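Student: I am new to this structure. Please take one helix, look at it closely, and then show me the rest of the chain around it.

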Amino acid sequence: MKLSELTQGLEYEVICGDIDTEVVSITNDSRKAEKDCLYFAVPGARVDGADFIADVIRHGASVVVTEKNEKQLSVNLSNDMFLNGTFEGVDENLVTIINVPNVRYAMGMMSSKFYKNPSDELVVIGITGTKGKTTSTYMIREMLERAGIKTGLIGTIEILDGKQSIPAANTTPESIVIHRTMREMINNGLECVVMEVSSQGLKLDRVAGVEFDFGIFTNLSPDHIGPNEHDDYEDYRTCKKKLFSMAAKGIYNIDDPEAEFMMDGSTAVPITYGRDDYADYRASGHKLYSENGILGIEYDLEGTLEGRIKVDLPGEFSIHNSLAAIVVADMMGVEFDDIKRILEQVKVRGRVEMIPISDKFTLMIDYAHNGMSLESLLTSIKEYNPSRLVTLFGCGGNRSKDRRYEMGEVSGRLSDFTIITSDNPREEDPQAIIDDIKVGIAKTNGEYAEIIDRKEAIRLAIMNAKEGDVIILAGKGHEDYQEICGVKHHMDERELIKEILEEEDVSQICGYNNRYFAE
């Protein structure tokens, strides 16, 4: 593809070379530069991509896109390439250098063109907000998949491209990755993609060039404010708002105070959900339920659709997550009877994920790994009035000790019994981490036990469960590894539970039912 095709619609200046130069690949990683590639010299927080321009030219790059002008480039190009303040030393038959106002924005727009505008061929659903993005993303994907709409995913945990799961490096990847992945999704037969759109992703133009069919706003509260993120709350929420100038339709949680700000001046057609009387998709009369070891919620859906909704996921937050999924499914033509059926079956890996091994007590896995998320989870579960709330967790090594104190205090205050164990100790002594957690628990009257080995800690929880208990395995969630001394060892809590059940006399387990692992 010619550079002139990639730059259509962009503001740029040619510093040297020919705008009709041929481009065979694109990259923003100088280590991947190859003959006839286009290199985006992205300025980063720690490393400036312009520092590697000379290297990529030597490796055969045909085009360099940079924010630097001729004078500034003299610092980045070695003397054999830059002579007497001119580009006489650069062979213009080999390389074209163009200057753009914003490399990241140009990278998104040019990447889209290079991969033949893949977002035009997919239904693209973007979700932004402080909480609920990951859960909503998986819920929507599962809803659409079960309705027969082949759907990919780009998010905090992984990328699902229709053939494989790729661990995620960022909640919202760089634009080159997004557009390349969308093209691969199309090649793999997918029709739709649902993706988490972070405030950083919007601020850094990682979704530039993406045509969103739907933008979803979940909620907003102060987060990601500090060095290398957002200067203040105003910057944070303004970045979030950008999504709704990029989407054809905006789907808003109208119960959140910031929904009005998100809608104000937006070019997206507004659709609202929530418990507010003015919501287009409205939930009322909700009721918590506990059946055969499963915690869930049900409510009346009113407005655009009407009927009783039942969701096998606990907590009032499941109302808003399920409403967002309902709106998307309805907009995409899924029959209401199918929507209701699917919501009773939907599961989100590592997010209040029920492991139903008993009809008498509840066992769940959740990713809650800081004081705020653990408090939110435990407070929600306590509304089900369990006989005992048993919380098992650890904390990561080489991280702030404040998190350990906070989680210990939260669990000690809200749980009836806490089991302290290992998470990802990394380079730290697991016992030292546990001792820090105990500092937080000591501020409460909470009872606890400590077992370093996570499998043995889970064994203690299961084998001592009583009727009406809710047992939460917190912190690992979707993760299937444990990091020790720089090495990631395979460890999936679901597998640990299965091993424990195989090793123990299951008749001794309260209300044991094998339906989960028998499926």
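Tutor: What follows starts with one helix, moves out to the whole chain, and then stops at a few single residues. Keep in mind that this is a predicted model.

Start with helix α8. It covers residues 233–241. Which of its residues are buried? They are Y236, R237, C239, K240 and K241. Note the names in that list: R237, K240 and K241 are among the buried residues. What do the buried residues of α8 pack against? There are four partners. One is strand β6, at 123–128. Another is helix α5, at 133–146. Helix α7, at 199–203, is also on the list, and so is helix α9, at 259–263.

Now step back to the chain. Helix α8 belongs to a chain with 17 helices and 24 strands. Of the 519 residues, 54% count as buried. How does the chain's radius of gyration fit that of a compact globule? For 519 residues, such a globule would have a radius near 24 Å. The chain has 26 Å, which agrees. Along the principal axes, the C-alpha atoms fill a box of roughly 80 × 55 × 40 Å.

Contacts tell the next part. Take those in the chain with a separation of 6 or more. Residues 24 or more positions apart account for 67% of them. Then the surface. The chain exposes about 21,900 Å². Carbon and sulfur atoms supply 45% of that area. Charges come next. The chain has 56 positive and 90 negative charges. Their mean positions are 2 Å apart.

Turn to the aromatic rings. A pair of rings is described by the distance of the centres and the angle of the planes. How many aromatic pairs does the structure hold? It holds three. One of them joins F114 and Y115. Their ring centres are 5.1 Å apart and their planes stand at 85°, so this pair is edge-to-face. Both F114 and Y115 are buried. F244 and Y252 form another aromatic pair, and this one is tilted. Here the distance is 4.9 Å centre to centre, with 35° between the planes. F244 is buried, with a relative accessible area of 0%. Y252 also counts as buried, at 0% relative accessibility.

Next, look at the backbone in two loops. N292 sits in the loop between β14 (281–291) and β15 (294–303). Its phi is near 50°, a positive value in a residue other than glycine. V352 lies in the loop between α11 (336–343) and β17 (353–354). Phi of V352 is near 35°, again positive in a residue other than glycine. Is V352 buried or exposed? At 5% relative accessibility, V352 counts as buried.

Finish with two residues in helices. K455 is in helix α15, residues 454–463. Buried means under 20% relative accessible area. K455 has 17%, so it counts as buried. Leave out residues up to four places away in sequence, and K455 touches L496, E499, I500 and E503. V439 lies in helix α14, residues 430–441. With a relative accessible area of 41%, V439 is partly exposed. How far is V439 from H286? The two are 153 residues apart along the chain, and their C-alpha atoms are separated by 39 Å.

Technical notes. Residues numbered from 1 in each chain as written. Predicted model: local features only at pLDDT ≥ 70, side-chain atom pairs only at ≥ 80, totals over all residues. Heavy atoms only, no water. Buried < 20%, exposed > 50% of the residue type's maximum accessible area, 1.4 Å probe, protein only. Helix = DSSP H or I, 4+ residues; strand = E, 2+ residues; numbered from the N terminus. Contact = heavy atoms within 4.5 Å. Rg over C-alpha atoms; globule rule 2.2 N^0.38 Å. Areas by Shrake-Rupley, 256 points an atom, 1.4 Å probe, with all protein chains shown as cover. Lys, Arg positive; Asp, Glu negative; His and termini not counted. Charge placed at Lys NZ, Arg CZ, Asp CG, Glu CD. Phe/Tyr/Trp six-rings, centres within 6.5 Å; stacked < 30°, edge-to-face > 60°.
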